[in-house]
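Here's a quick tour of a single chain, from its overall outline down to one helix. Have a look at the model first, then read on.

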Amino acid sequence: MRVFKEEQRFNQLWLIALIAISAIIPIILVCVEYFKNQNSISTLELILIILLLIFFSGLIFIFKLSTKIDELGIHYKFFPLHLKYNTISWKSINNAYIRTYEPISEYGGWGIKGGWKKSKGKAINVSGTIGIQLELADGKKLLIGTKKQIEAENTIAYYKTQLNHSNNV
């Protein structure tokens, strides 16, 4: 029995820089206003505003995509939106393979996204351009981002072989 496990987070340098800039600019503006006119807000309110800006800017970093492939199927969880794994059983998967994709043009970016075109299905990803493409028995499609292309590919191939042998018996 093989088990593939992967956890990914939003940790791209460009994203960290963008979030830092979008937090620092309002903090600077609030501080400038405070020091120009100390009657505009209290010191406590200034500290609270700064802490809230830092807190909300950092929220994206609690998101985590967890993927697991085992004998039961393919499982995924996008914490904190999913508190437990969603499982797609092997019998409900018509095809599973690894592919390169364009996050922005195909799905509108990263996160939980519906394709710009309904034919693309849904994507759950946090970075990169490689994904586990699932074509489901009900006609839907789901792409789960991965950074472990070879491991995912080998595990999917292993279970495809196991399923083919059990179906032919």
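A residue counts as buried here when its relative accessible area is under 20%. Keep that cut-off in mind for this predicted model.

Let's start with the fold. The chain holds 4 helices and 9 strands, and going along the sequence they come in the order β-α-α-β-β-β-β-α-β-β-β-β-α.

How does the chain's radius of gyration sit against that of a compact globule of 169 residues? The globule would come out near 15 Å, but the chain has 22 Å. The C-alpha trace fits that picture, with spans of about 80 × 30 × 25 Å along its principal axes.

Some whole-chain values, side by side:

| Property of the chain | Value |
|---|---|
| Buried share of the 169 residues | 36% |
| Share of contacts (residues at least 6 apart) that join residues at least 24 apart | 53% |
| Exposed area | about 10,300 Å² |
| Carbon and sulfur share of the exposed area | 62% |

As for charge, there are 20 positive and 12 negative side chains, with the centres of the two sets 4 Å apart.

Now for helix H1, residues 13-36. Its 24 residues reach 34 Å from the first C-alpha to the last, close to the 34 Å expected at 1.5 Å a residue. Which residues of H1 are buried? They are Leu15, Ile19, Ala23, Ile27, Cys31 and Tyr34. An α-helix has 3.6 residues a turn, so residues three or four places apart point the same way. Part of the cover over the buried residues of H1 comes from helix H2 (43-58).

Technical notes:
Residues numbered from 1 in each chain as written. Predicted model: local features only at pLDDT ≥ 70, side-chain atom pairs only at ≥ 80, totals over all residues. Heavy atoms only, no water. Helix = DSSP H or I, 4+ residues; strand = E, 2+ residues; numbered from the N terminus. Rg over C-alpha atoms; globule rule 2.2 N^0.38 Å. Buried < 20%, exposed > 50% of the residue type's maximum accessible area, 1.4 Å probe, protein only. Contact = heavy atoms within 4.5 Å. Areas by Shrake-Rupley, 256 points an atom, 1.4 Å probe, with all protein chains shown as cover. Lys, Arg positive; Asp, Glu negative; His and termini not counted. Charge placed at Lys NZ, Arg CZ, Asp CG, Glu CD. Expected span 1.5 Å × (residues − 1).
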